[in-house]
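Hi,

Here is the structure I promised to send over. Have a look at it first, and my notes on what turned up follow underneath.

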Amino acid sequence: MSSSVEVDPQGQLYDLVIRGQRVLTTAGIAAREVGVRDGVVIALEPLGNYLQGREVIELADDETLIPGLVDSHVHVNEPGRTDWEGFASATRAAAAGGVTTIIDMPLNSIPATTNVEALQAKRDVARDQAFVDVGFWGGAIPGNTKDLRPLHDAGVFGFKCFLLHSGVDEFPPLEADEMEKDMAELKSFDSIMIVHAEDSRAIDRAPTAEGDQYNKFLASRPRGAENLAIAEVIERARWTGARAHILHLSSSDALPMIASARRDGVKLTVETCPHYLTLMAEEIPNGGTAYKCCPPIREAGNRELLWAGLQDGTIDCIVSDHSPSTLDLKDLKNGDFAVAWGGVSSLQLGLSLIWTEARHRGITLEQVSHWMSTAPAELVGLHRKGKIAPGHDADFAIFAANDAYVVDVQKLKHKNPITPYDGRALSGVVRATYLRGNKLDGTTPTGKLLRRGEITVPTPA
């Protein structure tokens with residue numbers, strides 16, 4: 001709750017003070033007061049110091065102040081496929097879920113973000129619609145090596161490529177030799193290649209996914225295809241010395257070779273997603289195309305090994321891979337997995353999804369925050385995001401870890417009302433989200449457009 005201005009012993013006046021018994025600091029959860037000025041955390045003091053603020057928020061006993069989440073894998077799809085999603089709807093959903101920064105993927109929008117002109121077109125449409133801060137990945141496709149450095153200089157956070165058909169013709173895949181050539185180019189200016197790692201040859205030889213049986217779809221995207229592609233990424237990163245990142249890891253088989261490569265000094269990071277950590281193939285109904293994503297949701301045993309990979313540090317972070325589409329593209333009438341668009345919508349739900357599973361495993365909220373805030377911020381080089389600490393942006397979520405709710409897809413903020421989590425009971429409720437010290441209300445877009453190096457483009461008044 002808010003209270004009137006109070007005087008602190010130092011006589012400092014802050015724009016905002018938040019205080020409570022549970023503030024997640026870099027040293028863990030502690031009783032603290034957080035003083036914010038000009039959108040930045042200036043003071044972090046023991047509770048009882050009575051910092052003075054123009055606005056003072058007292059946390060309830062069941063609330064924890066945590067860093068705003070950083071989601072580095074979001075498909076916003078605007079311009080070009082705004083009926084799938086858009087910056088207003090995506091960032092409103094992010095804010096409702098405690099996410100204060102997203103990094104937008106370069107494909108599914110038209111034009112794809114594969115040159116500076118396309119990047120500028122995307123910024124132009126995002127600028128006055130963003131409820132949270134938004135950065136952008138660039139794309140690496142055949143023939144655009146010459147565009148990589150200009151995109152880097154224009155502020156993209158790195159470059160995405162596919163090793164098989166992306167699902168949209170305007171973003172074609174790279175052959176492994178092309179990926180290596182682009183990796184060498186990225187190494188020259190210390191950027192990063194992020195890779196959708198599934199091997200096209202293995203998938204071409206796999207059984208068809210046609211029909212409504214989930215086990216047939218799962219067989220059409222075998223673990224071997226993912227393992228082969230990840231091995232390719234590892235070796236090309238080893239040869240070039242470039243930084244590489246494995247997107248949406250679903251195959252636990254790949255964990256040993258990832259760990260081995262990192263021990264060898266290969267510059268490799270890895271993410272996984274809530275759907276691989278909370279869902280399992282055995283429970284997916286036939287015709288349940290809301291669950292379709294690529295790579296696919298695998299078996300329960302695979303899920304548990306992914307959790308182990310997070311806990312031992314082989315997997316670095318958890319991000320959404322929010323990949324929405326219109327309802328008709330999910331082929332809900334027929335439930336044909338070969339026809340349906342592959343993507344899970346979960347941007348608003350990620351924190352509750354992961355916390356629900358984590359607490360059953362004895363995993364702390366501090367660790368969940370590291371995977372979903374600190375580590376993604378480090379991945380993209382946003383050094384003022386992902387922590388509650390002096391000098392960091394005042395991006396927070398007020399989280400009631402012991403509260404609960406049932407997902408109602410009609411109440412979610414993303415554009416198309418479909419998610420595999422509809423009707424699922426979840427633990428943990430985001431009660432408020434703050435961006436640079438301002439509470440997000442879902443009506444006034446106050447997000448900024450981020451560039452690599454933390455330079456921001458102000459949102460027009």
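Let me start with a pocket lining: in the second largest pocket, the lining residues divide into eight nonpolar, four polar and two charged. Keep in mind that this is a predicted model. The space in that second largest pocket comes to about 260 Å³. It is lined by 14 residues, and Ala96, Gln348, Leu349, Tyr405 and Leu412 are the closest to its centre. Two elements, β16 (396-406) and β17 (425-435), give two or more residues each to this lining. β17 has the largest share there, with three residues.

Now for the largest pocket, which holds about 570 Å³ of space. Its lining is made up of 35 residues, with His165, Ser166, Gly167, Arg221 and Cys294 the closest to the centre. By type, the lining of the largest pocket splits into 15 nonpolar, 14 polar and six charged residues. At least two lining residues come from each of β11 (159-162), α5 (200-204) and α6 (214-220). Of the elements, α5 provides the largest share of this lining, three residues.

Next, the sheet. Six strands form an open sheet in the order β10-β11-β12-β13-β14-β15, and the pairing is parallel. The edges are taken by β10 (138-139) and β15 (317-318); each has a single partner strand, so one side of each is left without a neighbour in the sheet. As general background, strands of a sheet pair through backbone hydrogen bonds, either parallel or antiparallel. At the β15 end, β14 (residues 268-272) pairs with β15 in the parallel sense over two bridges. Thr272 is the residue that stands opposite Ile318 in β15.

One residue I'd pull up on screen is Glu226, which sits in helix α7 (residues 223-240). Is Glu226 buried or exposed? Its relative accessible area is 1%, and since anything under 20% counts as buried, Glu226 is buried. The side chain of Glu226 makes a polar contact of 2.7 Å with the side chain of Ser250. Leaving aside residues up to four places away in sequence, Glu226 touches Ala197, Glu198, His248, Leu249, Ser250, Ser251, Pro295 and Arg298. Ser250 therefore turns up both in that contact list and as the polar partner of Glu226, a residue that is itself buried.

Cheers

Methods
Residues numbered from 1 in each chain as written. Predicted model: local features only at pLDDT ≥ 70, side-chain atom pairs only at ≥ 80, totals over all residues. Heavy atoms only, no water. Pairing = 2+ DSSP bridges. Helix = DSSP H or I, 4+ residues; strand = E, 2+ residues; numbered from the N terminus. 1 Å grid on protein atoms, 1.4 Å probe; cavity = no way out; pocket = protein on both sides within 12 Å on 5 of 7 lines; lining within 4 Å. Points joined across faces, edges and corners; volume = space filled by probe spheres on them. Nonpolar A, V, L, I, M, F, W, Y, C, P; charged D, E, K, R; others polar. Buried < 20%, exposed > 50% of the residue type's maximum accessible area, 1.4 Å probe, protein only. Polar contact = N/O pair within 3.5 Å; in protein donor to acceptor, adjacent residues only side chain to side chain. Contact = heavy atoms within 4.5 Å.
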